[in-house]
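Open the model in your viewer and keep the sequence panel visible. This tour tells you what to select at each stop and what is there.

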Amino acid sequence: MQTPLAAPGALAGAVPSGPRAVVVLGSTGSIGTQALDVIAREPERFRVAGLVAGGGRTELLARQVERFRPEVVAVADEGCVAAVRDAVGGSVRVLAGAEGVAEVAAWPCDVVLNGITGAVGLTSTLAALEAGRVLALANKESLIIGGPLVKRLAGPGRLLPVDSEHSALAQCLWASGPAGYDPEAVRRLVVTASGGPFRGRRREELADVTPEQALRHPTWDMGTMITLNSATLVNKGLEVIEASLLFDIPFDRITVVVHPQSVIHSMVEFVDGSTVAQASPPDMRLPISLTLGWPERVAGAARPVDWTVAHTWTFEPLDEEAFPSVALARHVGTQGGTAPAVYNAANEVCVAAFLAGRLPFTGIVDTVAAVVGEHTVTPADSVAEVLAADAWARARAGELVVP
């Protein structure tokens with residue numbers, strides 16, 4: 001059984017006596033900036049050992065270097081390296097390209113937080129795990145497309161989920177027994193979804209959705225790709241696959257429930273009829289802090305629910321006719337092998353096409369389904385096999401997108 005979060009206290013011997021050294025991958029993105037905010041609030045507990053950024057936000061990266069004084073920085077976009085070096089001066093070592101990113105991902109530290117978006121994050125996930133690091137994983141795509149590879153490298157308690165839903169599930173699973181996660185006590189995982197900006201709309205009402213409308217998420221402040229994936233609910237489909245991989249629960253025991261208030265982040269139903277839920281106002285600093293401080297919690301990481309005022313929390317079933325992405329994700333997750341990589345890669349191409357005005361909103365998932373339907377599933381036993389499926393899906397999706 002691959003348990004992402006060991007029982008509380010199981011890794012207590014690994015807790016350093018001084019500030020915990022953290023490498024942040026995707027430091028200028030949404031997850032990365034919030035992680036650095038958590039670190040900045042707790043200088044006695046955390047320090048930044050390394051940063052990785054795409055290169056497009058040079059000024060922000062320079063400010064981060066000045067504020068946190070990392071030992072090393074890597075810039076994925078080699079064309080931006082000169083500008084970054086000019087901005088940070090000689091105060092830090094700056095590496096370039098995929099090799100530089102992988103080197104920082106394996107840098108000596110206590111925790112690597114992978115906040116890179118997309119399939120490109122796989123190599124960093126593998127580099128960190130191969131180096132024996134504890135991995136705080138926000139880059140769900142790397143687990144989804146490289147599931148067998150990632151789980152083979154991740155020992156118990158070494159893969160810590162950052163997604164609010166999976167962090168919530170892990171916390172709820174601690175309640176399954178005195179030793180922590182007992183899979184025999186679990187009847188089902190209940191993954192909550194906000195429903196995105198188009199909750200309640202029928203499929204025919206989504207045909208003319210614009211990128212501007214799709215990017216107005218009602219709850220979370222996220223990057224473009226994740227926000228679009230939340231609008232189509234592809235993100236929820238990816239989370240269902242991720243939950244199955246993390247907790248070794250089959251897809252017929254994972255339920256998606258729409259919860260617009262986004263206060264209950266997920267629930268676990270146990271065999272005795274009890275359901276345990278994790279509740280907190282929507283703030284990614286809470287799950288981020290849990291992975292950075294594991295196995296201890298970080299006091300004041302986020303504000304709690306205010307129990308002195310009235311609340312109304314609602315739950316409703318997912319409309320799978322309007323949002324077929326979750327059912328499609330269950331299908332590819334059940335197929336396994338290279339199928340999840342194809343689902344993810346085709347979606348990334350289709351989202352880009354939608355943003356460019358070359359594909360209607362409903363065409364995103366329709367095109368992904370078409371690509372998935374054409375794919376011959378093979379084992380995902382090597383990086384080469386995963387990347388080959390990824391490349392094929394991107395090429396085929398590009399062919400199907402209307403010019």
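Helices (H or I, at least four residues) and strands (E, at least two) are DSSP runs, numbered from the N terminus. Residues are numbered from 1 along each chain as its sequence is written. This is a predicted model, in which local features need pLDDT of at least 70, side-chain atom pairs count only at pLDDT 80 or more, and totals for chains, interfaces and linings use all residues, while side-chain values use heavy atoms, with hydrogens and water left out.

**Stop 1: a residue in helix 10**

Select Asn229, which lies in helix 10 (residues 224–232). Is Asn229 buried or exposed? Buried means under 20% relative accessible area, exposed over 50%, and partly exposed in between (1.4 Å probe, protein chains only). Asn229 is buried, with a relative accessible area of 2%. Now show what Asn229 touches, where contact means heavy atoms within 4.5 Å. Not counting residues up to four places away in sequence, Asn229 touches Val234, Asn235, Leu238, Asn347 and Val351. Then add Ser262 to the selection: Asn229 and Ser262 are 33 residues apart in sequence, and their C-alpha atoms are 16 Å apart in space.

**Stop 2: the domains**

Colour the chain by domain; the bounds come from an automatic or database domain assignment. Domain 1 covers 20–161, domain 2 covers 169–317 and domain 3 covers 336–400. The centres of domain 2 and domain 3, taken over C-alpha atoms, are separated by 25 Å. Their contact takes 18 residues from domain 2 and 13 residues from domain 3. About 1300 Å² is buried between these two domains, and carbon and sulfur atoms give 76% of that area. Buried area here is the accessible area (1.4 Å probe) that two parts lose on being put together, summed over both.

**Stop 3: the seven-stranded sheet**

Two strands pair if DSSP finds at least two bridges between them. Select strands 1 to 7: they form an open sheet with the order 4-3-2-1-5-6-7 and parallel pairing. Strand 4 (93–96) and strand 7 (159–161) are the edge strands, each pairing on one side only. The twist averages 20° from one strand to the next.

Zoom in on strand 5 (residues 111–114). Which strands does it join? Four bridges link strand 5 to strand 1 (residues 20–25), and these two run parallel. Four bridges also link strand 5 to strand 6 (residues 134–137), again running parallel. Within these pairs, Asn114 is the bridge partner of Leu25 and stands opposite Leu137 in strand 6. In a regular strand the side chains alternate between the two faces of the sheet. In strand 5, Val111 and Leu113 point one way and Val112 and Asn114 the other way, and all are buried.

**Stop 4: around the seven-stranded sheet**

Select Ser27, in the loop between strand 1 and helix 1 (30–41). Ser27 is buried, with a relative accessible area of 0%. Among the residues Ser27 touches are Gly32, Leu36, Leu51 and Gln64.

Next select helix 5 (residues 122–130). Seven of its nine residues are buried, so helix 5 is largely enclosed by the rest of the structure. The buried ones include Leu122, Leu126 and Leu129. Helix 5 is followed by Gly132, whose phi is positive, near 80°.

**Stop 5: the five-stranded sheet**

Select strands 8 to 12, an open sheet with the order 11-10-8-9-12 and mixed pairing. Its edge strands are strand 11 (275–279) and strand 12 (316–317), each of which pairs on one side only. Five bridges join strand 8 (residues 186–193) to strand 9 (residues 254–258), and the two run parallel. Thr192 stands opposite Val257 in strand 9.

**Stop 6: the nonpolar cores**

A nonpolar core is a set of buried Ala, Val, Leu, Ile, Met, Phe, Trp, Tyr and Cys residues joined through side-chain atoms within 4.5 Å. The largest core has 92 residues, and Leu189, Phe247, Tyr343 and Phe361 have the most contacts inside it. Helix 14 (residues 339–355) gives the largest share of this core, 11 residues. Select Tyr343 and list its contacts, which include Val234, Leu238, Leu328 and Val368. To finish, select Leu36, Ala62, Val94 and Ala301, which belong to a second, separate core of 33 residues.

How values were computed
Axes fitted to C-alpha atoms, helices over the stretch in contact; angles between N-to-C directions.
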